[in-house]
Amino acid sequence: MGVTLACVLLFALLMQWLKPGDNVIRIINQLIKLGSIFAGVYVTVGRGGENGLLLGAGVGLCYMLLGVLLYALLSGQQLPFTAYLSDIAMGVAGGGIAGAIVAGMRRR
């Protein structure tokens with residue numbers, strides 16, 4: 001979550017100068033989520049760790065569930081169920097892939 005907060009704050013500052021369009025904001029938002037999941041998976045699994053795919057998927061699931069809940073509570077908006085489901089699926093898939101990559105890294 002710390003990675004997300006730092007990236008969002010930095011992006012908010014950059015938005016003042018760059019004034020990106022809605023599509024760019026959506027893409028950056030997804031990249032921030034995936035980068036944060038990767039950072040969480042890296043810390044959780046560790047280089048060459050065991051069960052990287054499963055742990056990574058779990059980290060992605062927890063991250064996205066927390067993000068979806070916080071968004072729903074703080075924004076007061078109700079998105080369609082499919083939007084929430086697609087975010088959660090992206091987190092699980094991204095976390096699993098990150099976990100497999102991190103677990104496959106060799107320790108030095």
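Biologist: Which residues of α2 meet which residues of α3?

Modeller: In this predicted model, the α2 side brings K33, S36, I37, G40, V41, T44 and V45. Across from them, α3 offers G52, L55, G56, V59, G60, Y63 and M64. Sorted by class, this contact has seven nonpolar, six polar and one charged residues.

Biologist: Happy with that. How do I read the way two helices pack?

Modeller: Two packed helices are described by the angle between their axes and the distance between those axes. Here, helix α2 (residues 22-45) packs on helix α3 (residues 52-75) at about 135°, and the axes are 9 Å apart. That angle makes α2 oblique to α3.

Biologist: What is the handedness of the crossing where α2 passes α3?

Modeller: The crossing is right-handed.

Biologist: Now K33, please. Does it count as buried or exposed?

Modeller: Residues under 20% relative accessible area count as buried. K33 has 14% relative accessibility, so K33 is buried. This lysine lies in helix α2. Leaving aside residues up to four places away in sequence, K33 touches Y63, M64, D87 and M90.

Biologist: D87 takes me to α4. How many residues does helix α4 have, and how far does α4 reach?

Modeller: Helix α4 (residues 81-104) has 24 residues and reaches 35 Å from its first C-alpha to its last. That is close to the 34 Å expected at 1.5 Å a residue.

Biologist: And which residues in α4 are buried?

Modeller: They are Y84, D87, I88, G91, G94, G95, G96, A98, G99 and V102.

Biologist: What covers those buried residues of α4?

Modeller: The cover includes α2 and α3. D87, buried in α4, is also one of the residues that K33 touches.

Definitions and conventions. Residues numbered from 1 in each chain as written. Predicted model: local features only at pLDDT ≥ 70, side-chain atom pairs only at ≥ 80, totals over all residues. Heavy atoms only, no water. Axes fitted to C-alpha atoms, helices over the stretch in contact; angles between N-to-C directions. Helix = DSSP H or I, 4+ residues; strand = E, 2+ residues; numbered from the N terminus. Parallel < 35°, antiparallel > 145°, perpendicular 65-115°, else oblique. Left-handed = near helix turned anticlockwise from the far one by under 90°. Contact = heavy atoms within 4.5 Å. Nonpolar A, V, L, I, M, F, W, Y, C, P; charged D, E, K, R; others polar. Buried < 20%, exposed > 50% of the residue type's maximum accessible area, 1.4 Å probe, protein only. Expected span 1.5 Å × (residues − 1).
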